[in-house]
Structures are given as structure tokens and as C-alpha cells.
Amino acid sequence: DYWSRALRVRRVSSPLRAEYRGEKCEKYGLAFQGKVIASEQHYTCEKAVPPQCGPHGLTIPAKYLKSRKVCSRNCPGVLETFSHLLNAGQACDNCTTLPEGSGAEGVDFFLFVTVKDD
């Protein structure tokens, strides 16, 4: 009971999934004379890879990952960028969604173990 309160443990309500690691992430924005006029609220990433952990770089399997939207950006000029910002990020994006894995049901943390023969 002490640890539950100290760590604020909550009952598991959905399968546990890790996040993909975004690469080449950026925001579109417009600036005039050094002042930002408009910019996107969130970063958009061109690529996402499964996260790695531990000293041996264990890759977390795809079945334990959340879905992730990745977009290749193509706003070559000011007008296209302005249109992109007004249309809430649809004008310049070519997006795909990486699939979501089934996750780990009924658990609240992952522990991956590797054995390395030296």
C-alpha cells in the first residue's frame, strides 16, 4: 500500500506500448524581420524508428510500439507554407501511419533481457 501511494500506481487500462523515436523532426513557420508570424504547434517527423535500450542497443519489437504518423515535407515557397499553416498542416504533407502493435496486456512496465556470449 505504501509503494502504491508513493509511486501513484494506477490500474492498467490498456496494453502498454512504447513510442517510436522520431528522426528529422521540424516545424513549419513563417517569420518577418526576425519575428515569428505563424508556426506549427507540434513537430512533424520524416522518419520514425523503434527505440533501442540497454548497453547492447536492444531494439524494442514492433508489436510493443504505438502507431506513429510520419510525413515527408514539401513546401517549397512562402505561399505554400502559408497555405499549409492555414489548413492545419495538410497542404505540404505526404503522410503515412506506422502500424500499432498489440502491446503488452496487463503489465505496467517492460523489462527486456539480452544474453550476450563473450
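Mentor: Let's start with one term: rings of Phe, Tyr and Trp pair if their centres lie within 6.5 Å, and planes over 60 degrees apart count as edge-to-face. Keep in mind too that this is a predicted model.

Trainee: Okay, which residues form one aromatic cluster?

Mentor: The structure holds 3 aromatic pairs. One of them joins the rings of Tyr64 and Phe112. The aromatic cluster consists of Tyr64, Phe110 and Phe112.

Trainee: Why does the pair of Tyr64 and Phe112 get its label, and what is that label?

Mentor: The ring centres of Tyr64 and Phe112 are 5.7 Å apart, and the cut-off for a pair is 6.5 Å. Their planes sit at 65 degrees, and the label in question needs over 60. So the pair of Tyr64 and Phe112 is edge-to-face.

Trainee: How many residues apart are Tyr64 and Phe112 along the chain?

Mentor: Tyr64 is in the loop between strand S6 (58-59) and strand S7 (68-73). Phe112 belongs to the segment after strand S8 (93-98). The pair links distant parts of the chain, with a separation of 48 residues.

Trainee: Is Tyr64 buried or exposed?

Mentor: Its ring partner Phe112 has a relative accessible area of 27%, which makes Phe112 partly exposed. For Tyr64 the relative accessibility is 17%, and the cut-off is under 20%. That makes Tyr64 buried.

Trainee: How many residues are in the largest nonpolar core?

Mentor: As general background, nonpolar side chains in soluble globular proteins tend to be buried together. Here the largest nonpolar core takes in Ala18, Tyr20, Ala48, Ile60, Tyr64, Leu65, Val70 and Ala104. Counted up, the largest nonpolar core has 8 residues.

Trainee: Which residues does Ile60 touch, not counting residues up to four places away in sequence?

Mentor: Ile60 is a member of the largest nonpolar core, and so are Ala18 and Leu65. Another residue that Ile60 touches is Cys53, which is partly exposed at a relative accessible area of 32%. With sequence neighbours up to four places away left out, the full list for Ile60 is Ala18, Pro50, Pro51, Cys53, Leu65 and Phe112.

Trainee: On to the cysteines: how many disulfides does a search of the whole structure find?

Mentor: A disulfide is a covalent bond between the sulfur atoms of two cysteines. Cys25 and Cys45 form one, with sulfur atoms 2.0 Å apart. Cys71 and Cys95 form another, with sulfur atoms 2.1 Å apart. Across the whole structure, the number of disulfides is 2.

Trainee: What parts does the disulfide of Cys25 and Cys45 tie together, and how far apart are they in sequence?

Mentor: The torsion about the S-S bond of Cys25 and Cys45 is about 100 degrees, so the disulfide is right-handed. Cys25 lies in strand S1 (residues 21-26) and Cys45 in strand S4 (residues 44-49). The pair therefore ties together parts whose distance in sequence is 20 residues.

Trainee: Is Cys45 buried or exposed?

Mentor: Cys25, on the other end of the bond, has a relative accessible area of 33% and is partly exposed. Cys45 has a relative accessible area of 4%, and the cut-off is under 20%. So Cys45 is buried.

Trainee: And which strands hold Cys71 and Cys95?

Mentor: The torsion about the S-S bond of Cys71 and Cys95 is about 100 degrees, so this disulfide is right-handed. The two cysteines are 24 residues apart, and the pair links distant parts of the chain. Cys71 is buried at 1% relative accessibility, whereas Cys95 is partly exposed at 32%. Cys71 is in strand S7 and Cys95 in strand S8.

Trainee: What separates the C-alpha atoms of Arg17 and Ala104?

Mentor: Arg17 lies in the loop between helix H1 (2-7) and S1. Leaving aside neighbours within four places in sequence, Arg17 is in contact with a list of residues including Tyr64, Leu65 and Gly103. Along the chain, Arg17 and Ala104 are 87 residues apart, yet their C-alpha atoms are separated by 6.8 Å.

Trainee: Where is confidence lowest in the protein?

Mentor: The protein averages a pLDDT of 80, and 75% of the residues score at least 70. Confidence is highest in S6, at 91. At the other end, with a mean of 65, comes helix H2 (residues 78-86).

Definitions and conventions:
Residues are numbered from 1 along each chain as its sequence is written. Side-chain values use heavy atoms; hydrogens and water are left out. Rings of Phe, Tyr and Trp (its six-membered ring) pair if their centres lie within 6.5 Å; planes under 30 degrees apart count as stacked, over 60 as edge-to-face and the rest as tilted. Helices (H or I, at least four residues) and strands (E, at least two) are DSSP runs, numbered from the N terminus. Buried means under 20% relative accessible area, exposed over 50%, partly exposed in between (1.4 Å probe, protein chains only). A nonpolar core is a set of buried Ala, Val, Leu, Ile, Met, Phe, Trp, Tyr and Cys residues joined through side-chain atoms within 4.5 Å. Contact means heavy atoms within 4.5 Å. A disulfide is a pair of cysteine sulfur atoms within 2.5 Å. pLDDT is the predictor's confidence in each residue, from 0 to 100.
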